[in-house]
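User: I'm new to protein models and would like to learn how to read one. Could you walk me through this example step by step?

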Amino acid sequence: MNYFVYFLEHMYTDETHTSCKFLGYFDDMEKLEEAKENALKLPGFRTYPKGLIIRKYQLNKIHWQSGFCSVIGEIGRDYLNELDVITEGSRSIKELNLEHIFQISHTYTIHNFLDDERIIGVFLDENNAKEIVDDLKNKKGFKKHKDDFIIGRFTLNNQLWTTGF
């Protein structure tokens with residue numbers, strides 16, 4: 001069985017920059033909608049209400065395997081495509097009664113004030129995530145950036161951003 005998790009973030013662009021705020025992973029739509037409503041009460045989020053984005057990530061799937069192949073900021077062929085994230089027949093992880101999931105991301109510092117961070121995948125097991133990172137470190141697009149992987153442990157249904165901006 002393939003499972004997915006809901007992902008909530010806020011993204012907006014104004015005259016000076018683009019900002020992205022990760023609000024959390026959720027195991028069902030009801031809890032996600034509650035977090036979304038809470039966010040919309042906060043300064044900044046309520047100013048840009050259309051910036052709240054909901055995605056589904058299939059668990060245990062590597063979304064970016066090639067790494068940096070040419071130009072910083074490129075979107076690789078195998079990087080996350082919003083249209084192909086969930087396979088048919090996938091179900092929410094709610095039935096698994098999990099408390100945590102593990103996200104692998106990679107951050108590349110373009111210059112002192114700008115990082116390019118990409119989510120590689122979301123996994124049920126930390127040891128599996130570590131094995132995947134070890135494998136990816138040897139791929140051509142990551143070899144020069146081996147120390148830039150991050151494995152984060154996230155509590156499900158926990159809204160991470162609780163203040164405005």
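Analyst: We will go from the overall layout to the helices, the cores and a few single residues. Please keep in mind that this is a predicted model.

User: Let's begin with the layout. How many helices and strands does the protein have, and in what order do the elements run?

Analyst: A good habit is to list the elements before looking at any residue. Here there are two helices and seven strands. Starting from the N terminus, the order is β-β-α-β-β-β-β-α-β.

User: What share of the residues counts as buried?

Analyst: Of the 165 residues, 42% count as buried. The surface can be described as well: the protein exposes about 9800 Å², and carbon and sulfur atoms supply 47% of that area. You can also ask how far along the chain the contacting residues lie from each other. Among contacts with a separation of 6 or more, 68% are between residues 24 or more positions apart.

User: Now a helix, please. Which residues of helix 1 are buried, and why do we say they line one face?

Analyst: The buried residues of helix 1, which covers residues 29-39, are Leu 32, Ala 35 and Ala 39. Looking down the helix axis, these buried residues fall within an arc of 60 degrees, so they line one face of the helix. The face turned away from that buried side carries the exposed residues Glu 30 and Glu 37.

User: What do the buried residues of helix 1 pack against?

Analyst: They pack against strand 1 (3-13), strand 2 (18-26) and strand 3 (52-58). Let's take Ala 39, one of those buried residues, as a closer example. Ala 39 is buried because its relative accessible area is 0%, under the 20% cut-off. Leaving out residues up to four places away in sequence, Ala 39 touches Leu 23, Phe 45, Arg 46, Leu 52 and Gln 159. Its C-alpha atom is separated by 9.3 Å from that of His 10, although the two are 29 residues apart along the chain.

User: And what sits just before helix 1? Where does Asp 28 lie, and is Asp 28 buried or exposed?

Analyst: Asp 28 lies in the loop between strand 2 and helix 1. With a relative accessible area of 11%, Asp 28 is buried. Its side chain reaches the backbone nitrogen of Lys 31 at 2.8 Å. Not counting residues up to four places away, Asp 28 also touches Tyr 6, Ser 92, Lys 94 and Asn 157.

User: Let me try the other helix. Which residues of helix 2 are buried?

Analyst: In helix 2, residues 126-136, they are Ala 129, Ile 132, Val 133 and Leu 136. Seen down the axis, these buried residues fall within an arc of 100 degrees, so they too line one face of their helix. Turned away from the buried side are the exposed residues Glu 131 and Asp 135. At the start of helix 2, a side-chain oxygen of Asp 125 comes within 3.1 Å of the backbone nitrogen of Asn 127.

User: How should I think about a nonpolar core?

Analyst: In soluble globular proteins, nonpolar side chains tend to be buried together. The largest nonpolar core here has 13 residues, and Ile 104, Ile 120, Leu 136, Phe 142 and Phe 149 touch the most other members. Strand 5, strand 6 (114-123) and helix 2 each give two or more residues to this core. Helix 2 gives the most, with four residues. Another core lies apart from it, with twelve residues, among them Tyr 25, Leu 59, Ile 93 and Phe 154.

User: What does Ile 104 contact beyond its neighbours in sequence?

Analyst: Leaving aside neighbours within four places, the contacts of Ile 104 include Ile 120, Phe 123, Ala 129, Ile 132, Val 133 and Phe 149.

User: One last feature: backbone angles. Where does Asn 97 lie, and what is its phi?

Analyst: When you scan phi values, look for positive ones in residues other than glycine. Asn 97 has a phi near 50 degrees, a positive value. It lies in the loop between strand 4 (91-92) and strand 5 (100-111). At 67% relative accessibility, Asn 97 counts as exposed. Asn 157 also has a positive phi, near 60 degrees. Asn 157 is in the segment after strand 7 (149-155) and is partly exposed, with a relative accessible area of 27%.

Technical notes:
Residues are numbered from 1 along each chain as its sequence is written. This is a predicted model: local features need pLDDT of at least 70, side-chain atom pairs count only at pLDDT 80 or more; totals for chains, interfaces and linings use all residues. Side-chain values use heavy atoms; hydrogens and water are left out. Buried means under 20% relative accessible area, exposed over 50%, partly exposed in between (1.4 Å probe, protein chains only). The arc is that of the directions from the helix axis to the C-beta atoms. Contact means heavy atoms within 4.5 Å. Accessible areas come from the Shrake-Rupley method with a 1.4 Å probe; for residues, only the protein chains shown count as cover. A polar contact is a pair of N or O atoms within 3.5 Å; within protein, one must be able to donate a hydrogen and the other to accept it, and residues adjacent in sequence count only if both atoms are side-chain atoms. A nonpolar core is a set of buried Ala, Val, Leu, Ile, Met, Phe, Trp, Tyr and Cys residues joined through side-chain atoms within 4.5 Å.
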